[in-house]
Amino acid sequence: MKDNPSFFAPRITWITALLVIFILGFAIRLYDLTDLPLDFHPTRQLLSALKARGMYYQTLSAADVPAEQRAFAIQQWRFRASVEPEFFERIITFTYKFTGEQVWIARIYSSLFWMIGAVFLFLLARDITSTDGALAATAFYLFSPYAILASRSFQPDPLMVMLIIIFLWAVYQWAQRPASYFYAILAGLFGGFAIFIKLVAAFFVIGGGVGALLGRGSLREALKQPQVYVMSVLGVLPGAVYVLYGVFIAGYLGRQFGGRFIPSLFLSPSYYLGWIGMLNLVIGGFVLMIAMLGLFFLDREKRRFLLSLWAGYAFFGIYFNYHISSHDYYSLPLIPIVALSIAPLADWFFAQLAKIAVTRLMRFAVIGLLLLGSFMSLWSTRSQMKSVDYRPDAQMWAEISEKIGDKNSVGLTQDYGSRLAYWGWKNISSWPTHGDLIYHNDLRGAHDGPDFEEQFEELALKKEFFLVTDFSDLALQPFLQEKLSEYPVFAKGNGYVIYDISQ
């Protein structure tokens, strides 16, 4: 690979290209920075936002905020699900001490995590292929439209992806240097930290570790090396401690493991079509094809390394079969794998360009086309981000909160009432969405649950108000729609209806 002529030679050319890629990649992530975190999986982002606010308000005194608000914020933090360690939220809480509660701060941190990952992705791709291939891999990683939106979201996934990439770089360095305890320890620490942040990272850490071992030759011989066990202990220990604490001591984690693996889905076409749909959204069918073709341009050892990463993703999708086919951000760790797989084909492509574009004018023309294509892609993403302004939503939820007052309420709302909790400082019971009903009744097989009338009596008739803001979901629940039509409208506004069900 590295014997191919470089299109981006000399050194100053590829350094300039890399700087341009990084500047554009970071700048697009800071665009529309202060908009509300509703642009990408708001349910997950608001979970972290509510937790961070609760932690922050716990540090405030009665002189800083009203006691009622402080108590509500802390209560919202503590009763919400603890899916993974609240490490990222702690970072944001610490920053709030200097900035005040500015939820957009999380976007800066997530973007920085993604950018740090880009540095190590470039280094790893250059080791696997060449500088030209690494530039292409980094550009895809930073400019992919889905990656731009996902990598600035308030959730731990961008941090997890960064740690996975650093682990992959470290374990690959270890595989190239026999008896290197430094890289073995480095790989173990970052792999273990990635798994600690989100346990699902284990699939990609194990995949990368196995790929590195296979790259060193015989797996049996590689397992005789003590560095392997150093990496394994460091990699397993943090996540294992967290799981043991969460399951057997605190008790909050055990219920989070349910519903991830549904065997009946393997017989359902929706699982496979859903997974394909997520891949098409996150990566794109054409890019996915290019990435897989790129594997043929690698030598045997390097191909083993990347194939192990792909295998880790495949096993991940098989185990988390419900989420991989319904939650697109579960495929976020695939983006660096695809980027690395694109690198060898890009290296070959730029080598051919280097042979063809022999004059300075031709090279300038090629670089101009590359810049134009990158700018058009980024501008399209920027237009998508600009097309919706979520800031007015904060006022709407505050208005709803004022209308409801202290009435005991239930609602069919976006994000299970999280928007009302965050911007309206009010907690209501959540009526299940159409997707929830399908999940529990059809996928989980809970057909013995209450029928509609029993459910309405249990959740709603003990309340005074029924709030509806998710009208598209209401249209999918005709029984609820018909039932609510029997009650008078207490208040109505742009984006919401409040029914008086106390009568």
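I began with helix 2 (residues 42-58), which gives the most to the lining of the largest cavity, with 3 residues. I worked throughout on a predicted model.

**Entry: cavities**

I looked up how many cavities of 30 Å³ or more there are, and the count comes to 3. For the largest cavity I noted a volume of about 60 Å³. I listed its lining as R44, L47, K51, A81, V83, E84, P85, E86, E89 and P156. By class, I found 5 nonpolar and 5 charged residues in that lining, and no polar ones.

**Entry: second largest pocket**

I turned next to the second largest pocket, whose volume is about 910 Å³. I found 27 residues in its lining, and those nearest its centre are A136, A139, F350, L370 and S374. I then asked which elements give two or more residues to this lining. They are helix 1 (11-30), helix 6 (131-143), helix 14, helix 17 and helix 18. I recorded the classes as 21 nonpolar, 6 polar and no charged residues.

**Entry: nonpolar cores**

I looked up the largest nonpolar core and found 140 residues in it. Those with the most contacts inside this core are Y141, W174, F305, I335, V338 and L467. Helix 8 (residues 157-176) contributes the largest share of the core, 16 residues. I also noted a second, separate core of 15 residues, with F452, L474, L480 and L484 among them.

I followed F305 further and listed what it touches, leaving out residues up to four places away in sequence. The partners are L124, I128, L168, V171, Y172, G208, G211 and A212. As background, I recalled that nonpolar side chains tend to be buried together in soluble globular proteins.

**Entry: helix 14**

In helix 14 (residues 285-294) I found L288, A291 and G294 buried. I asked why these residues lie on the same side of helix 14. They do so because they cover an arc of only 120° around the axis. I kept in mind that an α-helix has 3.6 residues a turn, so residues three or four places apart point the same way. I then looked up what the buried residues of helix 14 pack against, and noted helix 13 (269-282), helix 15 (300-319) and helix 17 (334-356).

**Entry: buried residues with polar side chains**

I placed T381 in helix 18 (residues 360-386). T381 counts as buried because its relative accessibility is 1%, which is under the 20% limit. Leaving out residues up to four places away in sequence, I found that T381 touches P145 and I148.

I placed Q227 in helix 12 (residues 226-249). Is Q227 buried or exposed? I recorded Q227 as buried, since its relative accessible area is 3%. With residues up to four places away in sequence left out, Q227 touches W174, A179, S180, Y181 and A184. I also looked up the separation of Q227 from V358: they are 131 residues apart in sequence, and their C-alpha atoms are 47 Å apart in space.

I placed T129 in the loop between helix 5 (105-128) and helix 6. T129 is buried, with a relative accessible area of 0%. I noted that the C-alpha atoms of T129 and K426 are separated by 54 Å, with their positions 297 residues apart along the chain.

**Entry: backbone geometry**

I checked the backbone for special cases. The peptide bond from A9 to P10 is cis, with omega near 0°. I placed P10 in the segment before helix 1.

D32 is not a glycine, yet I found a positive phi of about 55° for it. D32 lies in the loop between helix 1 and helix 2. I classed D32 as buried because its relative accessibility is 18%, with the limit for buried at under 20%.

W425, also not a glycine, has a positive phi of about 55°. I placed W425 in the loop between helix 20 (418-423) and strand 2 (429-430). How does W425 count by accessibility? I recorded W425 as partly exposed, because its relative accessibility is 23%.

Key. Residues are numbered from 1 along each chain as its sequence is written. This is a predicted model: local features need pLDDT of at least 70, side-chain atom pairs count only at pLDDT 80 or more; totals for chains, interfaces and linings use all residues. Side-chain values use heavy atoms; hydrogens and water are left out. A nonpolar core is a set of buried Ala, Val, Leu, Ile, Met, Phe, Trp, Tyr and Cys residues joined through side-chain atoms within 4.5 Å. Buried means under 20% relative accessible area, exposed over 50%, partly exposed in between (1.4 Å probe, protein chains only). Helices (H or I, at least four residues) and strands (E, at least two) are DSSP runs, numbered from the N terminus. Contact means heavy atoms within 4.5 Å. On a 1 Å grid over the protein atoms alone, a cavity is a set of points where a 1.4 Å probe fits but cannot get out, and a pocket is an open set with protein on both sides within 12 Å along at least five of seven lines; lining residues have an atom within 4 Å of a point. Grid points are joined across faces, edges and corners, and a volume is the space filled by probe spheres set on the points. Ala, Val, Leu, Ile, Met, Phe, Trp, Tyr, Cys and Pro count as nonpolar, Asp, Glu, Lys and Arg as charged, and the others, Gly among them, as polar. The arc is that of the directions from the helix axis to the C-beta atoms.
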